[in-house]
Amino acid sequence: MRILAVETSCDETSLALVEAEGGFDAPKFDVRELLISSQIETHRPWGGVVPNLAKRGHAESLPKLFTALAESLPRAKSEENIKLIAVTVGPGLEPCLWQGIEFAKKIGAENFPDAELVPTNHLHGHMYSFLLPQKENSESPVSNSEFFPAVQLLVSGGNTMLILMRSLVDLEKIGETLDDAAGEAFDKVARMLGLFYPGGPEIERIAALGKPDAIAFPRPMLQKKNYDFSFSGLKTAVRYHLEKNVGRCRPEDIAASFQKAVLDILITKTLRAAEEYDAKSVILSGGVACNAALQIAMQLETESRNISFFSADKKFQGDNAAMIAAAGYITHLQNKKYPPAANGSLKI
Ligand code: KG4
């Protein structure tokens, strides 16, 4: 089944053309085209995303990306036409979401009148990004009978949550942030250090030059016997440290110590959940999953516990339409009760 996907929830305009096949037991995806127009340069002077500028950016980029994508349509291998249009309907910035929804409806009516429009949850996009192939002809990870239960850590700019997946659509949110998301904390600490937006990659870059044990920043909620997170106290601790040590601290050490504190919290809570729920797999997703230190540490910690580790390729971690195609397909299977039947509701 050929899927056209549209993503405009924040500051990335993205369209994708994806071929999907298989049921819940082994969904497979082939990403034919993925186009992303980033607005980072537009928002950088403001230190964060300005919703109205983002909306205007989507309005300008969507037709351009669609023209580029349309040129690639005849090159796609399969003879069949677009069967499904998956569009992000939330969560996200409302004015931005509407740009994508109206555009998806318009191109559907004008070009693909027989296609089914599937309203798709942005968080499902991140959650199912691990199903997108890293190698050509690779097997669907969930086709392994030893895959579930899985614990997924979803860490993006707007969300930090732990999800217990008993099947692909049996989802239970077991914890989430009570205040800032992990990515938001990276962005805010980067701003305190005078680094560019988005802050995550910048913190990671200078952290590599600093000492992770230089400053003992707090690890909020680490000892709490639940799976919730809180990052605002850690962010405030960084601010106090900067105020008290003007001219006496190396930004590299602050970045490294802050990053270490965030990673300790994320990894400890994920592994604790994996142990409690007897997880066979751990999945890492969202923009913060681009962090190489987090990837490596999670890989090592899961390996030493005999738990399989899955995470999408970096190009599918940040906001992109290929992950929306994957989530749209899973939603479509759920709506159609595609065999083999799976228990679960798909909500988180
Ligand atoms: O998933 P995403 O692209 O957008 C949302 O759906 O929120 O995530 C963006 C977030 C930003 O806060 C950004 O700073 C963070 O992901 N991020 C990183 C890294 N790359 C992006 N955080 C830490 N380390 C990175 N390398």
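A search of the whole structure, which is a predicted model, finds nine aromatic pairs. One of these is formed by Phe29 and Tyr329, whose rings are arranged edge-to-face. The ring centres of Phe29 and Tyr329 are 5.6 Å apart, and the planes make an angle of 85 degrees; an angle over 60 degrees is what places a pair in the edge-to-face class. This pair links distant parts of the chain, as its two members are 300 residues apart. Phe29 belongs to strand β3, which covers residues 28–38, while Tyr329 belongs to helix α10, which covers residues 321–336.

The ligand occupies the space of the largest pocket. Three elements each give two or more residues to the shell around the ligand, namely α4 (122–128), α5 (182–192) and α6 (199–207). Of these, α6 gives the most, with four residues. The shell around the ligand holds 21 residues, and those that come nearest are Gly157, Asp187, Glu204, Gly287 and Asp319. Sorted by class, the shell comprises 13 polar, five nonpolar and three charged residues.

Backbone atoms of three glycines lie at short listed distances from ligand oxygen atoms. For Gly287, a polar backbone atom is 2.9 Å from an oxygen atom of the ligand. For Gly183, the distance between a backbone N or O atom and a ligand oxygen atom is 3.1 Å. For Gly158, the corresponding value, again from a backbone N or O atom to an oxygen atom of the ligand, is 3.3 Å. The ligand taken alone exposes 560 Å², of which the protein buries 87%.

The backbone also has some less common features. Most peptide bonds are trans, and most residues other than glycine have a negative phi. The peptide bond from Gly90 to Pro91, however, is cis, with omega near -10 degrees. Pro91 is located in the loop that runs between β4 (82–90) and α3 (94–111). A cis peptide bond also joins Tyr197 to Pro198, and its omega is about -5 degrees. Pro198 is found in the loop between α5 and α6, two of the elements that give two or more residues to the shell around the ligand.

A further feature concerns Asp278, which has a positive phi of about 55 degrees although it is not a glycine. Asp278 lies in the loop between α8 (251–276) and β9 (281–285).

Key:
Residues are numbered from 1 along each chain as its sequence is written. This is a predicted model: local features need pLDDT of at least 70, side-chain atom pairs count only at pLDDT 80 or more; totals for chains, interfaces and linings use all residues. Side-chain values use heavy atoms; hydrogens and water are left out. A residue is near a molecule or strand if one of its heavy atoms lies within 4 Å of it. A polar contact is a pair of N or O atoms within 3.5 Å; within protein, one must be able to donate a hydrogen and the other to accept it, and residues adjacent in sequence count only if both atoms are side-chain atoms. Accessible areas come from the Shrake-Rupley method with a 1.4 Å probe; for residues, only the protein chains shown count as cover. On a 1 Å grid over the protein atoms alone, a cavity is a set of points where a 1.4 Å probe fits but cannot get out, and a pocket is an open set with protein on both sides within 12 Å along at least five of seven lines; lining residues have an atom within 4 Å of a point. A molecule sits in a cavity or pocket if more than half of its atoms lie within 2 Å of its grid points. Ala, Val, Leu, Ile, Met, Phe, Trp, Tyr, Cys and Pro count as nonpolar, Asp, Glu, Lys and Arg as charged, and the others, Gly among them, as polar. Rings of Phe, Tyr and Trp (its six-membered ring) pair if their centres lie within 6.5 Å; planes under 30 degrees apart count as stacked, over 60 as edge-to-face and the rest as tilted.
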